[in-house]
Amino acid sequence: MKHQPTPLAMREWYAHMRQPKTLAALSGVGVVTGLAGPFGTSEQIELLPRLIYWGLLSGGSYAIGSGVYFVFFRQFLNRSRWQRIALSGLVTGLIVFALVFGLNQALFANWYVPGALAPLLASIVAISVVITALIDAFSRSDDLQSASQAPAILDRVPLEKRGDLVGLSVADHYVYVRTTQGDHMVLIRLSDSIRETGSIAGAQVHRSHWVAFDQVVAVEKQGGRTFLRMTRGPDIPVSRTNLPKLKEAGLLPR
């Protein structure tokens, strides 16, 4: 049995959507487009319904796009960055097209001719792919800005092997520090290395292993035992006493 960590991605998306700066930006876009009334909506809809229409369209489109981005970029880590952008943009475009179609059907009579739907769909998908690429670029920029706040444990890793922290594993008196760029063996106790992970969301899931939650690809059950499939490296066993940590993180259903 396998559990994909979609709940964790959705919790991150929910937290992102609730941020004041996100809500303020979406409100601003909704008000500006509502007042401007593009695509002839200023002539077809009164001001208050128009504000609601563009608020729903802009807010809904962003919520869909960011939600798909959070989920797809976690579920398809085995694909290249541009493949994930294309997949995310395609799925976002299809869902946003359905949103636009539904809103327009509810508000406008005879708003389309059948031959115009395909170009509309193509343009929405293209825009969605571009916006997904911009979201990814901004996310990568944020990652670079936060590099100075990298966990202290990475100071013990050679520069060429420094990347996102995947996990820590005990080997005799050493700890394997696993990152997205490679492994490095450090003479340190596991408890001390865990303290040096800083603010990274993760947990010790076994007496010999600590993992970063955002690097978990799937949770698998094998013969009554639980294992974590990671973005890199071997599967990590989870002891029964640590299963509640996975549930708390959203990696397993409660």
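**Notes on the salt bridges, a pocket and a cavity**

1. Asp183 sits in between: it is partly exposed, at 24% relative accessible area (buried is under 20%, exposed is over 50%, and partly exposed lies between, using a 1.4 Å probe on protein chains only). Its salt-bridge partner is Arg178, with 3.3 Å between the closest N and O atoms. Arg178 itself counts as buried, at 8% relative accessibility. So this salt bridge links a partly exposed Asp183 to a buried Arg178.

2. A word on the source: this is a predicted model, where local features need pLDDT of at least 70 and side-chain atom pairs count only at pLDDT 80 or more, while totals for chains, interfaces and linings use all residues. Residues are numbered from 1 along each chain as its sequence is written, and side-chain values use heavy atoms, with hydrogens and water left out.

3. How many salt bridges turn up in the whole structure? The search finds six, taking a salt bridge as a side-chain nitrogen of Lys or Arg within 4 Å of a carboxyl oxygen of Asp or Glu. The general idea is that side chains of opposite charge can pair when their charged atoms come close.

4. Asp192 and Arg195 make another of these pairs, with their closest N and O atoms 2.0 Å apart. Both belong to helix α7 (residues 190–195), three residues apart, so about one helical turn separates them. (Helices are DSSP runs of H or I with at least four residues, strands are runs of E with at least two, and both are numbered from the N terminus.) An α-helix has 3.6 residues a turn, so residues three or four places apart point the same way. Arg195 counts as exposed, at 58% relative accessibility.

5. Arg229 and Glu220 also meet through their side chains, 3.2 Å from N to O. Here Glu220 is the buried partner at 14% relative accessibility, and Arg229 is partly exposed at 28%. Elsewhere, salt bridges with shared partners tie Arg178, Asp183 and Arg232 into one network.

6. Now the cavity: the whole structure has one of 30 Å³ or more, and the largest comes to about 50 Å³. (On a 1 Å grid over the protein atoms alone, a cavity is a set of points where a 1.4 Å probe fits but cannot get out; a pocket is an open set with protein on both sides within 12 Å along at least five of seven lines; lining residues have an atom within 4 Å of a point.) Points are joined across faces, edges and corners, and volume is the space filled by probe spheres set on them. Arg178 and Arg232 are among the lining residues, as are Trp210 and Met230. Strand β2 (165–171) gives the most, with four residues.

7. The second largest pocket has a volume of about 990 Å³. It is lined by 35 residues, with Trp54, Leu57, Ser61, Val96 and Val100 nearest its centre. Which element gives the most to this lining? That is α6, with nine residues. By class the lining has 21 nonpolar, 13 polar and one charged residues (Ala, Val, Leu, Ile, Met, Phe, Trp, Tyr, Cys and Pro are nonpolar; Asp, Glu, Lys and Arg charged; the others, Gly among them, polar).

8. Last, helix α5: its 27 residues should span 39 Å at 1.5 Å a residue, and its end C-alpha atoms are 38 Å apart, which agrees (the expected span is 1.5 Å times one less than the number of residues). Its buried residues include Val96 and Val100, along with Arg84 and Asn104.
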